[in-house]
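Reader: I am new to this structure and would like a close look at a single part of it, the salt bridges. Please take me through them slowly.

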Amino acid sequence: MTIEEVRKMALEFPSATEAPHFEKQSYKVCNKIFMTVQVEGKVLTLKLDISDQYVYCKVEPSIIHPVPGKWGLKGWTTFYFDRVDKTIIKEAIKHAYLQVAPSSLKKLV
């Protein structure tokens, strides 16, 4: 997958926006980050429910894993988007969006 494909997937969701976040790009809904992308290294970081994080990390632990430290314990999960199947990335971005979106927007997805 390319950075443009990942970007397009994230911005397809209702009220999703893009903004800089330190050395990364962040994707937010209602000012809450659901995803960051670090172009260098092709790293996608998603805010998942702990149970979703567990399932995705079982798929391929070398390319999908919790962020080290406390962020990982809160569901933040690293995906190397150039090595993960497109279908999995698309589904995971949706899960991340739904994790932080308000109820009024969740029902539109």
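Author: Counting a salt bridge wherever a side-chain nitrogen of Lys or Arg lies within 4 Å of a carboxyl oxygen of Asp or Glu, the total comes to 2 salt bridges. The model is a predicted one, in which local features need pLDDT of at least 70 and side-chain atom pairs count only at pLDDT 80 or more, while totals for chains, interfaces and linings use all residues. Residues are numbered from 1 along each chain as its sequence is written, and side-chain values use heavy atoms, with hydrogens and water left out.

One salt bridge joins Lys-86 to Glu-5, with the closest N and O atoms 3.3 Å apart. This pair links distant parts of the chain, since Lys-86 sits in helix α4 (residues 86-100) and Glu-5 in helix α1 (residues 3-11), 81 residues apart; helices here are DSSP runs of H or I with at least four residues, strands are runs of E with at least two, and both are numbered from the N terminus. Lys-86, at 44% relative accessibility, counts as partly exposed, a term for values between buried (under 20% relative accessible area) and exposed (over 50%), found with a 1.4 Å probe on protein chains only. Glu-5 is partly exposed as well, with a relative accessible area of 29%.

The other salt bridge is formed by Arg-7 and Glu-18, whose closest N and O atoms are 2.8 Å apart. Here too the pair links distant parts of the chain, with Arg-7 in helix α1 and Glu-18 in strand β1 (residues 16-21), 11 residues apart. Arg-7 is partly exposed at 31%, and Glu-18 is partly exposed at 29%.
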